[in-house]
Amino acid sequence: MRVVKVKSNLDEILYHKIIESLIRGEYSVGQKILLNDLCEKFEVSRTPVVQAVKMLNKDGVLTIMTNGKVYVPEYEYDMVKQVCETRTLIETYALEKMMQEKEDVFQQKLDVIKRYSDKCEEYYRQEKSVELALADLELHKAIVEGANNEILNDVYVGIQGRFIVVNYLIRPLKNRNYEGTVQDHFEILKFIEDRDTKKAVDKLRNHIQGTIKRFCEDE
């Protein structure tokens with residue numbers, strides 16, 4: 001997801017609020033979204049809503065049709081597979097690059113990942129599924145940012161946007177194995193701390209590819 005650098009930037013704030021609404025299950029795949037409804041929901045004027053929706057369209061979270069209508073996108077299995085494969089390639093590459101960093105830089109990046117891993121565990125224990133989902137997205141974004149590659153970061157935003165639709169709309173939050181997610185994070189973090197690149201990358205790959213398996217089970 002995008003980073004809100006200036007809190008007064010209403011476009012960015014709405015961008016994140018709409019994503020949170022999607023994760024909460026307030027919208028479904030293929031659903032038409034009316035801009036006026038968003039204005040009323042968030043008590044804002046139309047201009048920032050339009051700008052936020054344009055950003056969400058760019059990042060694959062929403063789709064703006066040629067007639068201007070806005071929908072939650074629908075992804076078939078092939079698209080789900082492509083999203084997960086691309087996400088795997090980016091994150092595993094980024095993790096490999098991070099593991100090559102000098103100790104002080106490596107520790108700084110590790111601390112960020114650990115912070116989000118701890119948040120995921122905390123929200124799991126508190127049974128806060130939406131907050132856990134948001135922290136999980138930030139954890140994976142932190143892994144990519146560990147590569148120090150701005151172009152890679154920009155590409156990843158679009159992949160993560162599509163992944164939000166795949167992972168939280170096609171498969172709603174209820175009845176999820178949150179314990180498994182938290183355990184995966186713990187194991188990935190442990191391998192990173194041990195500087196065991198192969199095990200860390202393999203575990204991360206299996207963690208992401210599990211989405212395809214779960215999608216097939218739901219079909």
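**A walk through the helices**

The buried residues of α1 pack against four helices: α2 (35-42), α3 (46-58), α6 and α7 (150-169). Keep in mind that this is a predicted model, then let's start from α1 and work along.

Which residues of α1 are buried? They are E12, L14, Y15, H16, I18, I19, S21, L22 and I23. An α-helix has 3.6 residues a turn, so residues three or four places apart point the same way. That's handy to remember when you scan the list. As for geometry, α1 covers residues 10-23, and its 14 residues should span 20 Å because each one adds 1.5 Å; the end C-alpha atoms are indeed 20 Å apart. At the start of the helix, N9 brings a side-chain oxygen to within 3.2 Å of the backbone nitrogen of D11. After α1 comes G25, with a positive phi near 85°.

Next up is α6, one of the helices that the buried residues of α1 pack against. It runs over residues 129-145, and its 17 residues at 1.5 Å each should give 24 Å, so the 24 Å between its end C-alpha atoms agrees. How much of α6 is buried? The helix is mostly covered, with 14 of its 17 residues buried.

Now hop to α4, residues 77-99. This helix has 23 residues and reaches 33 Å from first C-alpha to last, close to the 33 Å expected at 1.5 Å a residue. Its buried residues are V80, V83, C84, R87, T88, I90, E91, T92, A94, L95, M98 and M99.

R87 in that list deserves a stop. Why does R87 count as buried? Its relative accessibility is 2%, and the cut-off for buried is under 20%, so R87 falls on the buried side. What does the R87 side chain make a polar contact with? The partner is the side chain of H140, at 3.3 Å. Setting aside neighbours within four places in sequence, R87 is in contact with H140, Y156, I159, F163 and I208.

Two other arginines are worth a look for where they sit relative to rings. R195 lies over the face of F106, 3.7 Å from the ring centre. The charged end of R115 sits over the ring of Y116, and here the distance to the centre is 5.5 Å. What about rings paired with rings? The structure holds zero aromatic pairs.

Key: Residues numbered from 1 in each chain as written. Predicted model: local features only at pLDDT ≥ 70, side-chain atom pairs only at ≥ 80, totals over all residues. Heavy atoms only, no water. Phe/Tyr/Trp six-rings, centres within 6.5 Å; stacked < 30°, edge-to-face > 60°. Lys NZ or Arg CZ within 6 Å of the ring centre and 35° of its normal. Helix = DSSP H or I, 4+ residues; strand = E, 2+ residues; numbered from the N terminus. Expected span 1.5 Å × (residues − 1). Buried < 20%, exposed > 50% of the residue type's maximum accessible area, 1.4 Å probe, protein only. Polar contact = N/O pair within 3.5 Å; in protein donor to acceptor, adjacent residues only side chain to side chain. Contact = heavy atoms within 4.5 Å.
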